[in-house]
Amino acid sequence: MIAETICSAVAAAGLGIAAVTAYRKRFLAAARLAAYALVPLGLVMTGAVEWAAETAFSPVAWAGFGVLGTAWLLFLGTRSAERRSGGTRKERKAAAKAAQRDAVAPAASAPSLGGGARPAAKPKPAAAPTEDFSDIEAILKKHGI
């Protein structure tokens, strides 16, 4: 009962301030103030204030909030455990794609043209390092390194 009275008084005061603002030819600000002032009145009229007051003093409601909090913590705990164990969504998708690729023969999409295996290209021997590091040495000596 007290909460409804306070909300109604706040709404009336806000509408009074909006009227004074509109009198000063600041109509946009007055409309915004009227909108803010009507919110507490609307909450009282819909019964939201009464529901909030009943919920605040109800042990059953607080137990319900506790149950919701426990459920939320369980969701978070299972998500973090899943991430630590390596069972992420990306890994599951990669495993599913690999299983799908292995279902088809690896050479099934290769063209059947050609007489046989080509000789493998011989790798070129690694070239000996012929780079000149004299400029780098000069820079290092310049800085005393």
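# A tour in six stops

Start at Leu140: with a relative accessible area of 37%, this residue is partly exposed. The verdict follows because 37% falls between the 20% limit for buried and the 50% limit for exposed. Keep in mind that the model on screen is predicted.

**Stop 1: the patch around Leu140**

Widen the selection to helix α6, residues 134-142, which holds Leu140. Now add Phe133, Ile136 and Ile145 to Leu140 and switch on a surface. Together these four side chains form a nonpolar surface patch of about 410 Å².

**Stop 2: the whole protein**

Zoom out and colour by secondary structure. How many helices and strands does the protein have? There are 6 helices and 0 strands. Along the sequence the order reads α-α-α-α-α-α.

Keep the surface on. The accessible surface of the protein is about 12,900 Å². Carbon and sulfur atoms own 68% of that area. Of the 145 residues, 9% count as buried.

Next, the contact map. Take the contacts with a separation of 6 or more: 35% of them join residues 24 or more positions apart.

**Stop 3: helix α1 at Gly16**

Select residues 2-23, helix α1, and pick out Gly16 within it. Is Gly16 buried, partly exposed or exposed? Gly16 is partly exposed, at 33% relative accessible area. Draw a distance from the C-alpha of Gly16 to the C-alpha of Ala37. The viewer should give 9.3 Å, for a pair 21 residues apart in sequence.

**Stop 4: Thr21, still in α1**

Move along to Thr21, also placed in helix α1. Thr21 has 12% relative accessibility, so it counts as buried; the cut-off is under 20%. Show its side chain and the backbone of Ile17. A polar atom of the Thr21 side chain sits 2.8 Å from the backbone oxygen of Ile17.

Which residues touch Thr21, beyond its neighbours within four places in sequence? They are Arg26, Ala29, Ala30 and Leu33. Show them as sticks.

Now step to Lys25, in the loop between α1 and α2, the latter being residues 27-46. Check its phi: the angle is positive, about 65°, although Lys25 is not a glycine. Most residues other than glycine have a negative phi. Lys25 counts as exposed because its relative accessibility is 64%, and the limit for exposed is over 50%.

**Stop 5: Thr55 in α3**

Select helix α3, residues 48-56, and centre on Thr55. Why does Thr55 count as buried? Because its relative accessibility is 14%, and the limit for buried is under 20%. Leave out the neighbours within four places in sequence, and the contacts of Thr55 are Ala61, Trp62 and Phe65.

**Stop 6: the annotated spans**

Last, select residues 33-53 and residues 59-76 in two colours. An unreviewed UniProt entry lists both under "transmembrane region". Take residues 33-53 and place a ruler between the end C-alpha atoms: they lie 26 Å apart. That span is 95% helix and 0% strand. Repeat for residues 59-76, whose end C-alpha atoms also lie 26 Å apart. Here the span is 100% helix and 0% strand.

Definitions and conventions: Residues numbered from 1 in each chain as written. Predicted model: local features only at pLDDT ≥ 70, side-chain atom pairs only at ≥ 80, totals over all residues. Heavy atoms only, no water. Patch = residues over 30% accessible without salt bridge, like charges linked within 9 Å, V, L, I, M, F, W, Y side chains within 5 Å. Areas by Shrake-Rupley, 256 points an atom, 1.4 Å probe, with all protein chains shown as cover. Helix = DSSP H or I, 4+ residues; strand = E, 2+ residues; numbered from the N terminus. Buried < 20%, exposed > 50% of the residue type's maximum accessible area, 1.4 Å probe, protein only. UniProt positions renumbered as here; feature names shortened; annotations may be inferred. Contact = heavy atoms within 4.5 Å. Polar contact = N/O pair within 3.5 Å; in protein donor to acceptor, adjacent residues only side chain to side chain.
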